[in-house]
Amino acid sequence: MSMTFAEAAELVLRDAQRAMKPEELWAEIERRKLVETGGRTPLATLKVELARKAANSSLGRGEVARFYRNGDGAFGLWADLSRVQQDAMLASGAQGKALSARDFPRDAASARLDPAIARQVLAALVPGEAPRRATAAVLAELIARAAAVTPHDWKLTIHPGNLALNVGRFILAALDPRGLWITADLGALTDDQRATFEGLSEVDPLNTYLHLPGPTYHWVAYDAVADLADVIVTAVAATYVPAIAAGRMRNSHTHAPGAVTALAEMTGRTLPLPEPRAAADASVGAADAHGGDEDLSLADLVAEYLDTYAVSDEGREFLTRYESERIAARAVWERIATLEAQGQDVTDVVLEGVLPHQGTAKHLARGAWVSHAPVILGEVRTYFERAKWVTPESWPAVAQTVLRFLRGCLDAPDQLAAHIASFVRDPLSKGFSVGTLTPFLSAMAPDRYPLVNKKVLQVVNYFQRRELEPTLPEYPAAIEAIHELVREQPGFSDPRLGGVRAADTFDHFCHWIVAIRKFSFPELEAPTTAQQTYWKISPGEVARLWERWRTNEIAEIGWNALGDLSEVREEHEFRARVAEANAGGKDYKLAGARQAWNLARLPVGTLLVANRGTSEVVGLGRVKGPYRYEEGAELAHQVPVDWFDVKVRAIDQPGWIKTLMELDRATYEELASRDGTIVDPVVDDDAPPPPPPPPPPAYTREQFIEDTGFDEGTAAQWLRILQDKKQIIIQGPPGTGKTYVAERLARLLTRGISGRADLVQFHPAYSYEDFIQGLRPQRVAGGLDYVLAPGRFMAFCERARAVAPDYMVLIIDEINRANLPRVFGELMYLLEYRDAQVPLASGGTLSIPGNVRIIGTMNTADRSIARLDHALRRRFSFLRLPPKLDVLEEKCELDEEVVPALVAVLREINAAIADPNFELGISYFLRPNIENTLDDVWEGEIEPYLEEYFYDQPRVVEPFRWRTLSKGKLAGWSREG
């Protein structure tokens, strides 16, 4: 028998009906062999998981919690206590402390007190004794000056990946794996100091942390700190007074006196501690924006939201969508009533009018109801029928089932639980989730029915310490929780929002905190089996490790120098591990190393697909236990896996380049349903039978090779380069089929799925406003108004986020015809630093989703190619597409006797041109009906091109004029009719 530590503890505690010490608990778990440990005894893991469960329970709210923790460290089940015992514990406030199980050996509060922890963090951040002492000296001097300016409004905070000095509400200096980050007032420096500083520092273009408006922000490499010590202190200290004036210190309890002691010991000087201010200490305010999310309260985050996103142009535009969606929803509801009164079928109106669609051009053209929280990204019928939830003939009955549920909820909201129970029992309700149905309910009755999806529940569960799931049966409890949160936070009715409903503000806030701010939700990121996930993993090159994996029932991955990742919970911690490994001689890239971190976070129950390259699946498995780090193993990061299906299945997945990649459910079910050769059958009696296979991919590698004339090696190389670099430019002379190949390469990467590729053509008038973001005229009350609207690229990125991790490809035709640095703007930075996010001058931020690929085409005969500077070239891989005359021989529709002569003439022309950038391509002749139009093509297109190229050598053109060729080398050609 095997289960998680928490499940085993719950079983033992329920049987014992009493609280138990962790050591006693573990002894019983081990005796009963409830957890598979591979011979190890991870008592510390059990302690951490129990403490997390106790801390994350709703004990303080008087709700039924799974675990409680006594003050003496004994654990028990809350539900097994008598009401008197529960009341006594609630009155005493006894509950588990929230552990911060990262690089700290104890919880965060203890880590702040221990100088040894600060020394450990300093050693990890600043390699080298001399740079470390210089950095410590600078930080110590900044602390002394801060205390001299204000005894109250400063603090030093510590986290596994940074030390930060806060003055007022702002971080003014921070030690980070990348270097020393500072807020600097350059006006306080002399000309010589400023020149030295600017020569040895690097501007931070992203303003990474919560910062003080006005000064500039810089990175200083630790090796340069000693040379810039006086300049750094002068520049940073000059920002103290304005920082204090702009906002009082918040969350002073997060100050780390142990870190101050460590700095004093390292520098041999006496350093002060902040003097407490009762009023300041009593309030729980905004914590450090640099890594301190666990210290932030909901009120702090609401205040930050109101000060930033809610009043931004992007945020205000988002808020306008709620009312427009309601108007559209009410119109749909009235149309359904009218059609029913006329006795007409309403199936199509229900499917397109009450389900939340993404705002694609196709959906808008059909008049589908578009929601800011879309679930329907493609064609609803295709998706449901492919999943075998609905048959084509049952759609009218399905539509009536959905309509009956919505109507019942709107007409009798006090019977919501009964409506849900009836709906979920109906077999025709399969596939309709809480996220699918609540957007329309929310649009029709916003005060009664808030929208509920995974994003909203992530916020609710964290701040109310609940464990609600995104299911319809839990919708009533979710409504109650949301209403409670909204009532408790007056900020959701802030006057700056202009009278927007508080429920809308809460949903808007949830979007901001999850998608924009990317709040870390500490303690909620531990793996859970609540949501099924699917991943593909490669057992080494050509599946060389597969037999070992099958025999040992494991999956494993490298990047061993990252160490044990079981306690790495946040992004900055992971980046610190990568930096530490690289400092030790490795050359890890973030994207590659992240695969090891993803493996470490796989929930028990995750379904895995083991592949051999892009052409075979060798097995299907299920993660059956927690991640482990095997010191000394060839591949140290491992998870135990039940490989329950070892059929070898043929596939065509050109995008399967990485070792570990997340899959969507549809892809997994498609692969699992395929027939294959049974190598060693393993029967899983509990596994449901897989659904029949859906249609094969709409576009395959064989089709790509046939369409383009590429050989297998070239096709694989081009796809590999596009995957690795993420943006390429196909260059070549006119007529080589660059756009044709780009379109088919995009279809190959997206597997031919409709709507996953888009094309934009650049020209000299194309602008930043067209491509990224700009003002658009809008007719208002007979006049014109101007609104800030996303350009083609920003809109494309939003669509890409909605389909991630599936690929989206943007084709930029004639990319060199526009002024690229001007059109791209901030995108120039993001093309090189794909993981970054940059603020836009006109509001909002710009980032490139990881599933976006860009293909440009460039005519090498166009003189605008000179506009491509080296910085731009460095951001793309350039792939040359020469004239493929052998393809012309295969595909041209001319008479077989004429084609070889035509190819011979083209070879002569290209030899005369003698420049590969200006050679004639074959696209001129791969046209329908070319047998009747070859003379027109030659005289109207080929001859003018040659006349321009040989403008000073007219005699060179004469042998290649049609009147000459039609009587000589191409005399075999004749126009029919």
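This report describes the fold, the helix packing and several individual residues of a predicted model.

**Overall composition**

The protein chain has 977 residues, and 50% of them count as buried. Its secondary structure comprises 40 helices and 26 strands. Of the contacts in the chain that link residues at least 6 apart in sequence, 67% join residues at least 24 apart. The accessible surface of the chain is about 43,200 Å², and carbon and sulfur atoms account for 51% of that surface.

**Cysteines**

A disulfide is a covalent bond between the sulfur atoms of two cysteines. The search of the whole structure finds zero disulfides. Two cysteines may be described individually. Cysteine 409 has a relative accessible area of 0% and is therefore buried. Cysteine 510, at 1% relative accessibility, also counts as buried.

**Helix packing**

Two packed helices are described by the angle between their axes and the distance between the axes. Helix α7 (residues 129-149) and helix α11 (residues 257-267) have axes that come within 9 Å and cross at roughly 120°. These two helices, α7 and α11, are therefore oblique to each other, and their crossing is left-handed. From α7, the contact is made by Arg132, Arg133, Ala136, Ala137, Leu139, Ala140 and Ile143, which meet Leu263, Met266 and Thr267 of α11.

The pair α18 and α19 packs at an angle of about 170°, with the axes 9 Å apart. Because angles over 145 degrees count as roughly antiparallel, α18 and α19 are placed in that class. In this pair, Thr401, Val402, Phe405, Gly408 and Cys409 of α18 meet Leu416, His419, Ile420 and Phe423 of α19. The buried Cys409 is thus one of the α18 residues that meet α19.

Both α18 and α19 are also among the elements that cover the buried residues of α20. Which other helices are included in that cover? They include α14 (313-341), α15 (347-353) and α22 (475-488). Helix α20 (residues 434-444) is largely enclosed by the rest of the structure, because ten of its eleven residues are buried. The buried residues of α20 are Val434, Gly435, Thr436, Leu437, Thr438, Pro439, Phe440, Leu441, Ser442 and Ala443.

**Buried residues in strands**

The table lists a residue from each of three strands, with the separation of its C-alpha atom from that of a residue elsewhere along the chain.

| Residue | Partner | Separation along the chain | C-alpha distance |
|---|---|---|---|
| Leucine 180 | Valine 225 | 45 residues | 7.9 Å |
| Isoleucine 557 | Leucine 660 | 103 residues | 8.6 Å |
| Glycine 856 | Isoleucine 811 | 45 residues | 5.7 Å |

Leucine 180 is found in strand β6 (residues 179-184). Its relative accessible area is 2%, so leucine 180 is buried. Leaving aside residues up to four places away in sequence, leucine 180 touches Val138, Ala174, Leu175, His218, Trp219, Val220, Tyr222, Val225 and Ile232. One of these contacts, Val225, is the partner given for leucine 180 in the table.

Isoleucine 557 belongs to strand β10 (residues 554-557). With 2% relative accessibility, isoleucine 557 counts as buried. Apart from residues up to four places away in sequence, the residues touched by isoleucine 557 are Gln595, Ala596, Leu599, Leu635, Ala636, His637, Thr659 and Leu660.

Glycine 856 has its place in strand β25 (residues 852-859). This glycine 856 counts as buried, at 0% relative accessibility. Again not counting residues up to four places away in sequence, glycine 856 touches Ile728, Ile729, Ile730, Ile812 and Ile815.

**Loop residues with positive phi**

Most residues other than glycine have a negative phi. Glutamine 17 has a positive phi, near 55°, and is a residue other than glycine. Glutamine 17 lies in the loop between α1 (5-16) and α2 (22-31).

Lysine 33 likewise has a positive phi, of about 55°, although it is not a glycine. Lysine 33 is found in the loop between α2 and α3 (43-56).

Are these residues buried, partly exposed or exposed? Glutamine 17, with a relative accessible area of 48%, is partly exposed. Lysine 33 has a relative accessible area of 62% and is therefore exposed.

Definitions and conventions: Residues numbered from 1 in each chain as written. Predicted model: local features only at pLDDT ≥ 70, side-chain atom pairs only at ≥ 80, totals over all residues. Heavy atoms only, no water. Disulfide = S-S within 2.5 Å. Buried < 20%, exposed > 50% of the residue type's maximum accessible area, 1.4 Å probe, protein only. Helix = DSSP H or I, 4+ residues; strand = E, 2+ residues; numbered from the N terminus. Contact = heavy atoms within 4.5 Å. Areas by Shrake-Rupley, 256 points an atom, 1.4 Å probe, with all protein chains shown as cover. Axes fitted to C-alpha atoms, helices over the stretch in contact; angles between N-to-C directions. Parallel < 35°, antiparallel > 145°, perpendicular 65-115°, else oblique. Left-handed = near helix turned anticlockwise from the far one by under 90°.
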